[in-house]
Every structure is written in C-alpha cells, then in structure tokens.
Amino acid sequence: MIDYNHAAIEKKWQEKWERDKIFKSEIQPDKEKYYCLDMLPYPSGNLHMGHVRNYVIGDVFARFHKMKGKNVLHVMGWDAFGLPAENAAVKNKIHPAQWTRQNITRMRGQLKPLGISYDWNREIATCDPSYYKWNQWFFIKMWKKGLVFRKNANVNWCSSCNTVLANEQVLNGLCWRCKNHTGRRNLKQWFIKITDYVEELLEGHKQLVGWAEQVLLMQKNWIGKSFGLEIYFALTGTCERLKIFTTRPDTLFGVTFMVVAPEHAVISEMRSKITNYDEVLEYVNASQRKSDIERSSNKEKTGVRLEGLSAINPATKKEIPIFVADYVLTDYGSGAVMAVPAHDQRDWEFAKKYNMPIVEVIKNNKCKYEKKFVYERAYEGEGVIVNSGEFNGLESIKAVNLISEWIEKQKFGRRITNFKLRDWLISRQRYWGTPIPVIYCEVCGVIPVPEENLPVVLPENIEFTGLEESPLKLSGDFVGVKCHKCGGDAKRETDTMDTFVDSSWYYARYCDAHNDNAAFDSLKVNYWMPVDQYIGGIEHACMHLIYSRFWYKFMRDLGMVKHDEPFTNLLTQGMVTLSGSAMSKSKGNIVSPDEIINKYGADTVRLFILFAAPPQRQLDWSLEGLEGCWRFINRIWRLYDIVHTKAEVPASEKDKANILRIMHRTIKRVTGDIEKEFQFNTAISAVMELVNALYAYKYHLNDDGVSVEAYKNVVLLMAPFIPHFCEEVWEMLGYKKYISECLWPDFKESFIEQSYVELPVQINGRLRGKIVVRVEVSEDEIKKIAETDKKIVPYLKDKKISKFMYVKNKIVTIVVD
C-alpha cells in the first residue's frame with residue numbers, strides 16, 4: 001500500500017466537497033433539523049489554535065448529526081466591526097474596510113484547509129451594509145417601543161483609542177488593548193433598556209438545561225437580583241434627602257456615617273453647602289482616572305468628608321457625617337451607602353481609618369466572650385439584635401422583616417427589588433461600527449431616520465487622524481443632512497453602535513443570509529432556530545450571551561421568532577496553552593496552524609485537538625501528542641492492508657464473536673461520548689482499542705468478513721474527527737457515496753453481551769488449566785468439556801471425581817480422590 005499522503009488527500013476531498021456542495025443546507029420539513037453554531041470570530045488576520053479548537057469541536061457535532069440523518073445547518077461569518085481596524089487605519093494608513101476585507105480573505109483561506117463542514121454560501125460579515133442595515137432597523141423598532149434612550153453617563157475613556165471602554169476592558173487602570181491609562185468622562189450616550197427584560201432573563205435560565213451551571217451562575221451574578229429596602233436619609237438644613245438601597249435593614253440602627261460615589265449628584269447639587277468643595281473636587285477628579293474594577297478591588301480605603309453637609313439617621317435621629325469615597329460605585333443601588341462599620345468589613349476599614357464610631361447592633365450569640373469583637377473586625381453573620389430600641393433581643397434574621405415593616409410604616413423607606421444589571425450603553429465614539437440612525441433637527445428635535453432610508457451607510461472618504469474626535473464628525477458630507485420631516489438643516493448622529501449589537505442576532509441572519517427585504521424570513525428562522533449546539537469561550541458568558549438572549553426575546557415580541565431562547569445547548573471550550581501559558585503574540589508563544597497543517601495535515605491537527613483533553617478543559621499544546629496522533633492515523637492506514645490479507649487459519653466462532661463484541665461496544669461508546677457526554681477524547685480512545693484488537697486478530701479474510709466489517713466501522717466512527725482520511729479509505733473500500741453523507745453505524749446490545757467466557761479449572765485447590773465455553777452452556781456440558789480438555793485430562797486420569805462445582809461464568813472446581 002502507498003504511504004499516506006495527507007497533502008494530496010486533503011486537497012482532493014476539499015475540492016470534491018466544494019464541487020458537489022455536500023454541506024449546503026436547505027429547509028427539509030420531513031427531516032429533523034440540527035443547527036450547530038460556532039461563535040463568529042473577529043477577523044484579526046490570523047487564526048490561532050484557540051480558533052481551531054472551537055471550530056473543530058463544532059465540526060464534530062455537525063458531521064456526527066449529519067451522519068445521524070439530520071438536516072444540519074453549520075455556518076461561518078465575521079464579527080467584522082471593531083476598534084483594531086480603526087487603529088490599523090491610523091497606524092498603517094489603510095482604510096478599515098480594506099484592512100478588514102484582507103483579514104477575512106486571509107482567515108477564510110486558513111479555515112478551509114481544516115475541512116470544516118460549513119455552508120459557505122451563508123457566510124456573512126457584519127460590516128456589510130446589507131447586514132448592518134438591520135442593526136439600524138432593530139434600533140428604530142426599539143425606539144418605537146420605548147427601549148432606546150439618550151442620557152449623560154460616566155464612562156471609562158481611553159484617550160489613546162479615542163473610545164468608551166466597558167468595565168471589563170480596563171485592567172489595573174490601563175486600556176486592555178493599548179495599555180495606556182484610562183480616565184472617566186461624562187458623555188451623552190445612547191442606551192438600550194435591557195432592564196425591561198431583566199426578570200425574564202433570569203426566569204429563562206429554567207429553560208437552559210443544556211447550559212453549564214457555571215455559566216448560568218455567572219449570568220445570575222451579573223444580573224445581580226436582590227431584595228431590600230430603599231431608605232431615605234434627610235440632609236440637614238435642606239429639604240433634600242439621600243436615597244440608599246440596602247439588603248440589611250436589621251443594621252439600620254448601626255449606621256454611623258454615609259458614603260457617596262464620586263459621581264453622585266449630591267456633590268454638585270450641594271456645592272454651596274460643602275465648605276471644602278475644592279478638596280472634594282480634587283478627590284472626585286482623581287477617582288475618575290480609576291476604573292470601577294480598580295476602585296472596588298482597592299484594599300486601602302480612601303475618601304474625603306463633605307464638610308458642612310450631614311445626614312440624619314432616620315432610626316436613631318442622630319446627625320451623621322457624609323463622605324465621598326471611590327469604593328462606592330454608581331452601577332449598583334443609588335450610588336450611596338449607609339455605612340455600618342460594625343457589620344460590614346469595608347465600612348469597618350473606612351471607619352478605623354477616619355476615626356468614625358462603630359456601634360454594634362447584632363451580637364454574635366455564639367461567642368463565649370464578653371469582649372466586643374466588632375472593634376477588631378466587622379461581624380457580618382447572624383445573631384441577636386442589640387442597641388436597636390424596640391427590636392432588641394430579636395434574632396437578626398427575623399428582625400429583617402419586622403424592621404422593614406416599621407420603616408415603611410414610618411414612611412422613610414420602602415421595599416424594592418434591585419438589580420446590578422444596568423441598561424446597555426451602545427454608543428461608541430469611533431468610525432468602524434454601525435452608524436446610529438438618528439438626526440438632530442433644531443425644529444423637530446432628535447428623530448430616527450425613516451426605515452425606507454436605511455441603511456445609513458458609513459462614508460468611505462474619511463481621514464483617520466488619530467485625534468480624539470470620531471472621524472465621522474469631520475465628514476461634512478456625512479454629518480450634514482436635511483430633516484425628512486421639515487426639510488430644514490439637520491445633523492447626523494456621529495456615534496456608532498457597540499459591536500455586541502452585531503453579534504446579538506447574527507445567528508438568525510444565517511438562516512436567511514441573503515434576504516434584501518427583511519432581516520430574515522420568519523418561516524426560515526422558525527425552522528432552524530433555536531440553535532441546537534452553540535460553541536464558544538466562557539469569557540462571553542455575561543455580555544454576549546445576555547445581549548443575545550435579550551435580542552431574541554425582543555424579536556419574539558415583534559412576532560419575528562416563536563421561541564423564547566436562542567441557544568438550546570452551550571459548550572464553552574477551554575483555552576489552548578503552550579507550556580501552561582495562554583498563547584499570545586506578546587509572549588511569542590503562538591503556534592501557527594498553517595505550519596502544523598503543512599507538516600502533519602489537517603486531520604492530525606484535528607485529532608490532537610480533540611484527543612488531548614475534553615473540550616471544556618484547558619488544552620496544552622504538545623508536539624509529542626501531535627506526533628502520536630499522526631502515528632495513530634498511519635496505523636489505521638496500514639490496517640487496511642492487514643485486514644485485506646487472507647489468514648491461513650480460519651477464525652473460531654469465539655474469535656469472531658469477540659471482535660464483533662468489541663466493535664459494537666465501541667460504536668455504543670463513541671455514540672454516547674459524542675452525543676451525550678461531549679467527551680471526544682474517550683470516544684477516540686475507544687476506537688484505538690478496536691484498532692488494537694484488529695491488529696491482534698489473526699484471522700483476516702478467513703472469518704466470514706468480520707474483520708473487514710470491523711475496519712469499515714473504524715472508518716465510519718472516525719469520520720467526524722478525521723474526515724479527509726476517512727473519505728479516502730472509504731473510497732478504497734469500494735464505496736461510491738461520500739462517507740460524510742453515510743449513516744452513522746448502529747450497535748446491537750445482543751452482540752455487546754459476552755458470548756464466550758474463559759473459565760479457570762481448579763483441581764484439589766490448584767489451577768490446572770482454563771476452558772473456553774459459551775455463556776449459555778449448562779453445567780453438565782461444562783463438566784463434559786472439562787473432563788475432555790487435553791490439559792485437564794492428565795490430572796483426572798485414574799482418579800474418581802468426588803465433587804464437581806461450577807460458579808456460573810466464574811470458575812470450575814473439581815475434587816478428586
């Protein structure tokens with residue numbers, strides 16, 4: 001047999017698949033559908049092994065379910081808007097559109113040699129006007145439903161990248177991309193009212209039984225639902241009051257000071273009363289140079305007292321000071337907190353630093369000592385209420401409800417439900433994104449662009465200067481527009497949309513990718529949706545996956561889709577590392593897929609990625625492991641000749657039954673490991689055992705075709721993992737149909753049950769031999785077989801059997817005189 005030539009074989013089958021369009025997907029109402037989707041990549045210019053792992057995992061699912069007889073939709077596209085393209089335009093003097101298109105061409109060229117079973121006819125790029133037109137259309141629909149609004153907001157700002165950053169994109173005060181210091185800005189921004197769907201986003205978790213608990217917990221924490229009270233603290237010498245949210249009304253009597261966030265409106269509104277306003281302002285400005293993550297994780301608490309302004313504790317009626325401190329954030333509650341240093345460690349540390357009173361109001365009733373440990377650290381557990389008037393002596397957990405009722409009766413607070421999730425800020429001060437379809441008219445005000453005038457297309461004749469302002473502001477042709485209502489002069493919005501908008505509904509566009517008249521045809525989407533298997537990194541658990549779930553529910557409310565959730569099953573694959581470290585360009589530890597494929601072939605790369613670790617776990621790149629996978633593929637290749645070389649000795653029924661048993665057991669294991677367990681490594685390991693059994697088998701072509709049948713099933717079982725190789729061997733076996741279009745093999749439990757058993761034979765307590773019998777043979781037949789076995793006969797000669805015992809399928813015991 002000729003050597004396995006991976007380059008020629010892989011090129012051959014990729015060309016055949018493309019020529020015959022075997023992965024083209026169309027609606028077939030009589031077949032069960034299966035929609036497999038990989039999270040669409042940003043076209044950075046080069047695939048890395050993390051990409052490869054994601055797409056190969058998805059391909060196993062797609063190919064397996066196609067072989068199971070389902071109508072499979074498996075697609076690829078490009079999350080093509082984003083800041084790197086704009087930065088490249090400034091640095092390299094190349095237009096973002098050109099840079100992006102070049103990268104897409106490059107990455108598509110890297111993807112195709114992997115043999116992924118995509119329907120490339122459905123490929124999309126979110127930077128195409130034919131796609132982002134519908135972003136704008138959805139924006140206008142949300143406008144009409146009251147789900148979009150504009151307001152001032154404090155945001156993270158990177159002066160180097162000239163854009164707003166999400167909290168997650170600021171690391172230790174530095175921009176995640178350019179590593180420069182970030183600050184805070186107060187800008188008028190566009191928001192989507194995702195909070196209108198917050199309860200449904202939580203309730204929908206009950207339907208997501210195919211999602212990992214870890215992801216659901218991350219979303220639950222991100223949404224941050226909590227029950228508590230809104231309590232009002234009067235500001236002395238004014239008619240105003242400070243509003244706070246708390247889940248611990250049982251500690252109200254222990255409030256000894258208040259703390260507000262640097263962004264809180266009380267600072268500017270009460271400027272005339274704050275006697276050290278300059279000092280406060282300096283602190284506020286310094287705080288705005290920090291990210292929210294820095295502020296909330298800062299171990300040393302800092303703050304400034306608002307001299308001349310104080311509040312009244314509504315429970316004790318005592319006057320208490322107010323501080324501004326950066327550990328308080330505006331993103332949760334009201335941006336102000338009631339400080340209870342005896343029972344909150346952050347407040348305790350602040351009180352110790354600024355010499356504030358610490359009043360114990362919950363006593364640890366499990367403590368043996370009289371000493372008040374709240375002077376050494378905060379006590380945050382349950383206990384007995386003290387120093388709280390009429391509530392003294394109550395268990396704190398029971399006091400929560402009673403004190404809440406008292407607060408509401410006294411009318412200085414009310415019970416509410418609060419969420420950490422805030423409305424979705426979608427404004428971005430950059431060029432390379434979806435233009436927000438809004439105009440500003442002095443007569444008509446702020447109005448959306450008419451739907452019939454969509455898309456608002458990004459102008460191409462833009463100069464990228466790297467200055468702080470968005471390049472769109474400098475384009476007079478783009479900004480200047482006539483108002484469609486009054487005909488007067490107006491200006492376009494120059495902010496563009498957050499790229500998470502693009503990826504919030506792309507899965508639906510794939511179902512009808514070339515529709516020029518609508519975002520999609522609902523009949524087509526309702527056939528394919530929801531996605532049966534979604535694959536991507538766990539880093540997208542909160543933002544992308546929450547935004548996508550919200551967007552799908554909004555489309556449902558528009559009557560465009562009929563389901564509640566877009567993704568039935570979610571698999572979050574682990575990262576690919578090298579010597580334990582995440583691969584990155586800056587570390588110089590990138591492994592190029594191109595080089596590895598050229599040397600070992602795409603199938604070897606696929607096999608290593610699938611065999612080296614379960615998909616949810618971290619995978620450490622190993623050249624030794626890669627070479628081991630190469631050897632295994634060649635081992636299957638050489639096995640073709642072995643099973644087609646006739647043995648001189650015929651196989652016994654036992655030998656044939658054993659191979660069939662291993663074969664059916666392997667089919668069962670591989671099927672379950674792919675379909676239910678998502679454990680590709682153990683599936684491949686099971687096939688390796690079958691291959692080993694065929695190598696040890698000595699009766700090829702003299703066994704009624706058993707070994708050839710087993711080899712055929714090796715090839716079928718490996719087809720989702722190493723498809724080019726398996727297509728080639730399948731053709732060599734004489735089959736005309738693509739293996740990719742063949743049905744997955746079935747297993748029979750009757751074959752898996754062992755047909756023969758090897759029994760040890762003891763005579764007078766000593767092992768004298770072994771016999772092989774069928775499992776259903778009776779005890780009398782076993783006695784005859786043992787008495788006539790050539791190894792046993794010498795030990796029975798001239799002796800009388802006084803006792804014969806048989807433990808079914810275990811052991812034969814003979815006692816002789």
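The dialogue below goes through salt bridges, cysteines, a helix pair and one buried residue in a predicted model.

Student: What should I keep in mind before reading this model?

Tutor: This is a predicted model, in which local features need pLDDT of at least 70 and side-chain atom pairs count only at pLDDT 80 or more, whereas totals for chains, interfaces and linings use all residues. Residues are numbered from 1 along each chain as its sequence is written, and side-chain values use heavy atoms, with hydrogens and water left out.

Student: How many salt bridges does a search of the whole structure find?

Tutor: A salt bridge here is a side-chain nitrogen of Lys or Arg within 4 Å of a carboxyl oxygen of Asp or Glu, and the search of the whole structure finds 40 of them. One of the pairs is Arg101 with Asp128, at 1.9 Å from N to O; Arg101 sits in helix α4 (residues 96-111) and Asp128 in the loop between β4 (124-125) and α5 (129-144), 27 residues apart. Helices (H or I, at least four residues) and strands (E, at least two) are DSSP runs, numbered from the N terminus.

Student: Are Arg428 and Asp498 buried or exposed?

Tutor: The term buried means under 20% relative accessible area, exposed means over 50%, and partly exposed lies in between, with a 1.4 Å probe and protein chains only. Both Arg428 and Asp498 are buried, and their side chains form a salt bridge at 3.5 Å, N to O. Because Arg428 lies in strand β20 (residues 427-428) and Asp498 in the loop between β25 (496-497) and α14 (499-502), the pair ties together parts that are 70 residues apart in sequence. By contrast, Arg101 counts as partly exposed at 36% relative accessibility, and Asp128 also counts as partly exposed, at 22%.

Student: Which parts of the chain does the pair of Lys141 and Glu451 tie together?

Tutor: The side chains of Lys141 and Glu451 meet in a salt bridge at 3.3 Å, N to O. Lys141 lies in helix α5 and Glu451 in the loop between β22 (445-448) and α13 (476-479), so this pair joins parts that are 310 residues apart in sequence. Salt bridges can also link into a network, as they do for Glu200, Arg549, Lys553, Arg556, Asp557, Asp564 and Glu565.

Student: Why is Cys486 not bonded to Cys441?

Tutor: A disulfide is a pair of cysteine sulfur atoms within 2.5 Å, and by this rule the count comes to zero. The closest cysteine sulfur to that of Cys486 belongs to Cys441 and is 3.6 Å away, which is too far for a bond. Cys486 is partly exposed, at 37% relative accessibility, whereas Cys158 is buried, at 0%.

Student: How do helices α19 and α20 pack?

Tutor: Axes are lines fitted to C-alpha atoms, for helices over the stretch in contact, and angles run from 0 to 180 degrees between N-to-C directions. Helix α19 (residues 602-611) and helix α20 (residues 623-643) pack at an angle of about 115 degrees, with their axes 9 Å apart. Among the residues making the contact (heavy atoms within 4.5 Å) are Val605, Leu607 and Phe608 of α19 and Leu626, Trp630 and Ile633 of α20.

Student: Which residues does Phe721 touch?

Tutor: Leaving out residues up to four places away in sequence, Phe721 touches Val60, Asp603, Arg606, Leu610, Ile674, Phe680, Ala683 and Ile684. Phe721 is placed in the loop between α23 (706-718) and α24 (723-732), and it is buried, with a relative accessible area of 0%. The C-alpha atoms of Phe721 and Asp59 are separated by 8.2 Å, although these residues are 662 residues apart along the chain.
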